[in-house]
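Take a look at the model below. This report walks through its two chains part by part.

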Amino acid sequence: MSMRPFKTFLFILAALCLLAVFPLIAPDGKLKIYNIEFRIYKLDFLIKQTSTYLPEQDIKKDITPDKNVKPFLSETAETKKTEDTQEASQTGIIHVADSPPPEFTGLNNSDILIPASSEYNWRELSEKFLNAGLSTRPLRILYYGDSQIENDRVTSGFRKVLQEYFGGAGRGLVPVESIYNTANNFIMSTSDNWQTTSLIRTKQAHLDLGLLCESFHFNHPASIPETKTNAWIKIKSIKPDINSGYSIVSLFYRAEDSSTVSVSVDGNLKVTKELAAGAGINELRFNLGETPKSVKMEFLTLSGITIYGLNLESPTGIMVDNIALRGRAYPEFSRIDTTRLKQMADYLEPSFIVLQYGVNVVPNITNDYSYYKRHLNHELSFLKKILPRTPVLLVSVSDMARKVGGELKSYPNITKIINAQKEVAMENGCAFWNLFETMGGKGSMISWVERQPPLGNKDYVHYTPLGAEKVGNTFAQQFIKAIELNQATASLPYEP
Amino acid sequence: MNPDIYDIIDQLFVYSSDKPLLYTRPVFWLLFAAIMGLYSIFYKKNRIRNIYLLAISFFLYYKTNGAFLFLLIFSSVFNYLAGYRIEESKRAVTKKTWVAFSIAINLLILAYFKYAYFFTESFNRIFNTHLEVVNWLILWENHIFGTSFDAMQILLPVGISFYTFQAISYIVDVYRQRVEVVKNIFDFSFYLAFFPQLVAGPIVRASTFIPQLYQKYRLTKAEFGHAVFLILKGLIKKIVFADFIAVNFIDRVFSSPTSYSGIENVLAVYGYSLQIYADFSGYTDIAIGLALLMGFKLPVNFNEPYKAINLTNFWRQWHISLSLWLRDYLYIPLGGNRKGKIRMHLNLLTTMILGGLWHGAHLRFLIWGAIHGVGLVVDKLWNRLSKKIVPPSKILKSLGVILTFNLVTFAWIFFRAEGQNAINQMLFQISHHFEFSILLNVFTGYTIPLTVMILGFIFMFLPFGLKEKVRGAFIKSPAWIKLITVVITVLILYQAASSGLQAFIYFRF
């Protein structure tokens, strides 16, 4: 028996006709058979394009990063920068204010909103940043966020632009051990006797943590009372670049008694130091002179040591610390021991704080986000008690999408959450940056995911490293713009 | 007219780079129904049938690839003429020169579009230059047609790797007198451009395909049943066992390995092993089924590759048309196994490394090819040795399957990862942050994607006989049962395609 093409045609036609019946008998898109609910397409699904999303808003073409992404500073600025740095090494002053203003690359530029109540603090911030070379310690930006900034995403691009512009090198604060937040340009390994306390792994309060929201301790085992025990940390650079070009390693610790640390650089023992015993956090700084290939720290103690963070920095310039707390809706500073936070802040003197949260709030859709505002308010006023003069900036939640009836759509509640965030920011005198707008607004995450190369992950929530780099760069440009704008208005009378 | 109608017309006839016409899209099947409708008028006369299908193929290629249709047409004309010259030349030297010339042109085009970035970047890295690639084809087209395609980046024309290899096999076969030169340029273009296999294979040989152009259309009822079965199987593989698990689990891990523990990374790697098989073999299943419905037979391309007992067998069962191509047009010309054991091993390694690079222009494809190359050499050595030490047994065979599957899966890391950095991160998470203790949490968190993955592996490893029984039953069933099966399958596929996204989950709080 043979088949003619006409029969095949009829067969396909019959199948298509039968398939077209279902949307007619189930126009609401649902069909229940024996208590199992089946999703049924709409009739136009058969003809309409549904797999590829049509963005609701045309995103500027120049988002496409690939090789069109020019280094942030133009070539002339870069050359100038090198000269500046050379000069700086002689005089200690970097004249950054003369550099041409940064170009804006891609993304819809949404300005940083600064409430009138914090203009004074911002003027002070401008002064500080524009004279970054004069400072004896690098200027510090603590960048807190959720999983959106894990693995140095966003912060890496942010830091890169700021360090190219204001100087500085190094990754800043890093935890001793981190499962998910691994650094990209160095590998950290440790002995296995460290125990981690982390804000995200416990629900308790009064936690013995520092600004990094994690601490690491090892205890001397009671079974062998006489001898000292040791633990070690090793940092090995794998990709030397500006993020890893640190020359100073500092250690935030609390030791009970009779403890030492030995530092080896590139395999050679450099120095052994006593750790000051005491009830508070101490800092121990090692100036290595140049970026090491590897640093190993070995600790010996009779009782126990707690480390609140390692700090990889340069003598001057800007430091951006990535502090990612996955799964959190807001930073939970208030669960940390206030004295500890203050002690560490006294050493680090952070100049600026960024908080980027929200993707964990989005999946629970409600109409009323006053509970969220309450939590945010509480944390911000707590933070203000610890660092009263440090300007804080809230980054809005990013766009994220879900699938409804086979179609990708932005979550409907994002604008509400952004409004809540913005209101809290303004009430607390915090600056605000609308990341959602910058991305392109509603539906933008979908086109970010579909872009080649992709800027968003297939979960339609998180950025790819490339997308995060873009966001970080743009944010840094906005930050620089705000800094320069505030300097321009610095002649206005102060109103403290 | 209704705006929806415009939308359909737009989708059917206008090229749009972000809306390629895929087999998984309903609109393709509407179009295919129309193609078959018209086909029932044209199929009787071979010449008209071939021109009709060629026009359809060019049209569909334009739909997925826009401007690159010109390249396909150039390739068709050039290789057609080259075949003629080889056939007509009297002197051996002239013949050889033509063969060399046409292979060189084919490879240059492929190299230009596929490897321009790879070579430029390598050159820039070594000599510290800042050279940039320019798409000359697009420049030329913009100049001639006043179009404004972007000439500063080279996009890979879809299917170029496949039709270039088909063209080379034709040239060599004409020279070796294994196939007669094709007299009609339309017939030859049809051989290169026939749409079911154009985009992702199988790589069809002129010697098996060209003769079909001159045969009468014939499709038995059993072949029809087989074709429909293949298409359904292909769609299930592609939509459920490839796309679904990719979107809901595998892609996210690969794009950000350090956000996941070692155990999640390992699961993603095994998942990818399933995904790539389901994706690729699913695609060729559909291609073979479509071609068969139009009366053309394409070669089998996958034959339960993960059941292979060693790497040599794996390559006899995985992407068979490529393996055979590499054997006939690369390995054997290199000397094959005729020049001693050492040369043989070297040839094997070279073939696999070049085969790796054919998949894409990146160091990691080279590494992937090298892993397989070295694996094949070790396999050959072990084969000779093992015969003397251990007698073949069932246990040994099972061990072979497990070992081969795991090696192949490991190699996929290099194939899939987005760059060397991602590979390092993945291996780092697996070696440093394995976190075995959260395995149960991972399963409860990702229940659906992981269950689908497990089901996929179960189906894959089901006995061949059982699968054949199901196929046989489907083929024998009356038309209305086939119809109902199609409808039910599509409804189920829609459930997978329309399911909500797997939420992001954090472990280890």
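## Domains of chain A

In this predicted model, the domain assignment splits chain A into domain 1 (19-48), domain 2 (56-168 + 316-496) and domain 3 (170-315). Domains 2 and 3 of chain A touch. Domain 2 brings 32 residues to the contact, and domain 3 brings 29 residues.

Look at the domain 2 side of that contact. Helix H4 (155-166), strand S15 (318-324) and helix H5 (338-348) of chain A are the elements that each give two or more residues to it. H5(A) gives the largest share, seven residues. By type, this side of domain 2 has 13 nonpolar, eight polar and eleven charged residues.

## Chain A overall

Chain A mixes helices and strands: ten helices and 20 strands. Of its 496 residues, 47% are buried. Take the contacts in chain A with a separation of 6 or more: 80% of them join residues 24 or more positions apart.

How confident is the predictor? The mean pLDDT of chain A is 81, and 81% of its residues reach 70 or more. One stretch needs care. Over residues 50-106 of chain A, pLDDT stays under 50, and the model has 76 contacts beyond four places in sequence for these residues.

## Ala15 of chain A

Ala15(A) sits in helix H1 (residues 5-25) of chain A. Is Ala15(A) buried or exposed? Ala15(A) has 21 C-beta neighbours inside 10 Å, so it counts as buried.

Which residues touch Ala15(A), leaving aside its neighbours within four places in sequence? They are Leu483(B), Val486(B) and Val487(B). Now compare Ala15(A) with Thr339(A). The two are 324 residues apart in sequence, and their C-alpha atoms are 72 Å apart in space.

## Chain B overall

Chain B has 22 helices and zero strands. Of the 509 residues of chain B, 42% are buried. For contacts in chain B with a separation of 6 or more, 73% are between residues 24 or more positions apart.

## Helix H18 of chain B

Helix H18 (residues 420-432) of chain B has 13 residues. At 1.5 Å a residue, H18(B) should span 18 Å, and its end C-alpha atoms are indeed 18 Å apart, so the two values agree.

Which residues of H18(B) are buried? They are Gln425(B), Met426(B) and Gln429(B). These residues cover an arc of only 100° around the axis, so they lie on the same side of H18(B). The general rule helps here. An α-helix has 3.6 residues a turn, so residues three or four places apart point the same way. What covers the buried residues of H18(B) includes helix H12 (262-293) and helix H17 (394-416) of chain B.

## Two positive phi values in chain B

Most residues other than glycine have a negative phi. Two residues of chain B go the other way. Glu304(B) has a positive phi, near 45°. Glu304(B) lies in the loop between H12 and helix H13 (311-317) of chain B. With 15 other C-beta atoms within 10 Å, Glu304(B) is partly exposed.

His319(B) also has a positive phi, near 40°. His319(B) lies in the loop between H13 and helix H14 (320-331) of chain B. Why does His319(B) count as buried? Because 22 other C-beta atoms lie within 10 Å of His319(B), and 20 or more is the cut-off for a buried residue.

Terms used
Residues numbered from 1 in each chain as written. Chains lettered and ligands numbered in written order. Predicted model: local features only at pLDDT ≥ 70, side-chain atom pairs only at ≥ 80, totals over all residues. Helix = DSSP H or I, 4+ residues; strand = E, 2+ residues; numbered from the N terminus. Buried ≥ 20, exposed ≤ 12 C-beta atoms within 10 Å, placed from the backbone. Contact = placed C-beta atoms within 7 Å. Expected span 1.5 Å × (residues − 1). Arc of directions from axis to C-beta. Domains from an automatic or database assignment. Nonpolar A, V, L, I, M, F, W, Y, C, P; charged D, E, K, R; others polar. pLDDT = per-residue confidence, 0-100.
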